[in-house]
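Here is a short briefing for a first look at this structure. Keep the sequence and the 3D view open as you read.

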Amino acid sequence: MAEAKQQIIDFCQSKSKSKFYFNDFTKLFPDEKARDVKKILTALVNEEVMEFWSSGSTTMYGLKGAGKQAGAEGED
């Protein structure tokens, strides 16, 4: 699982955007079930490496502290 976690972190850091849909991560692991990818993402959230972001209708994932909303929410 450590290798998969690092793959997700590297993917997020390599992109210019800061928030990602769940399906963005399932594409990284085409041979894995969606449930297994969800477990990896949940572990990263629990370790406070990643965080959830919700628009109200959609939940997205992002690296903790990355993106515009971090400063807007007083998380500096």
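Which residue takes a positive phi just after α3? Glu48 does, with a phi of about 65°. The model is predicted. Its mean pLDDT over the chain is 87. The points below cover confidence, helix α3, the core and two residues that meet across helices.

**Confidence**
- Of the chain's residues, 87% reach a pLDDT of 70 or more.
- Over residues 70–76 the pLDDT is below 50. Beyond near neighbours in sequence, this stretch has six contacts in the model.

**Helix α3**
- Helix α3 covers residues 34–46, which is 13 residues.
- At 1.5 Å a residue, α3 should span 18 Å, and its end C-alpha atoms are 18 Å apart, so the two values agree.
- Its buried residues are Val37, Ile40, Leu41, Ala43, Leu44 and Val45.
- These buried residues pack against two helices, α1 and α2 (22–26), and two strands, β1 (50–54) and β2 (59–63).

**The nonpolar core**
- The largest nonpolar core has 16 residues.
- Ile8, Cys12, Phe25, Leu41, Leu44, Met50 and Tyr61 have the most contacts inside this core.
- At least two residues of the core come from each of α1, α3 and β2.
- Ile8 touches Phe25, Leu28 and Phe29, not counting residues up to four places away in sequence. On the same count, Ile8 also touches Ile40, Leu41, Leu44 and Met50.

**Lys5, on helix α1**
- Lys5 lies in helix α1, which runs over residues 2–14.
- Is Lys5 buried or exposed? Lys5 counts as buried because its relative accessibility is 15%, under the 20% cut-off.
- The side chain of Lys5 makes a polar contact with the side chain of Glu47, at 2.4 Å.
- Setting aside neighbours within four places in sequence, Lys5 is in contact with Ile40, Ala43, Leu44 and Glu47.

**Ile40, on helix α3**
- Ile40 is found in helix α3.
- Ile40 is buried, with a relative accessible area of 9%.
- Leaving out neighbours within four places in sequence, Ile40 is in contact with Met1, Ala4, Lys5 and Ile8.
- How many residues apart in sequence are Ile40 and Lys5? They are 35 residues apart in sequence, and 6.5 Å apart in space from C-alpha to C-alpha.

Conventions:
Residues are numbered from 1 along each chain as its sequence is written. This is a predicted model: local features need pLDDT of at least 70, side-chain atom pairs count only at pLDDT 80 or more; totals for chains, interfaces and linings use all residues. Side-chain values use heavy atoms; hydrogens and water are left out. Helices (H or I, at least four residues) and strands (E, at least two) are DSSP runs, numbered from the N terminus. Buried means under 20% relative accessible area, exposed over 50%, partly exposed in between (1.4 Å probe, protein chains only). A polar contact is a pair of N or O atoms within 3.5 Å; within protein, one must be able to donate a hydrogen and the other to accept it, and residues adjacent in sequence count only if both atoms are side-chain atoms. Contact means heavy atoms within 4.5 Å. The expected span of a helix is 1.5 Å times one less than its number of residues. A nonpolar core is a set of buried Ala, Val, Leu, Ile, Met, Phe, Trp, Tyr and Cys residues joined through side-chain atoms within 4.5 Å. pLDDT is the predictor's confidence in each residue, from 0 to 100.
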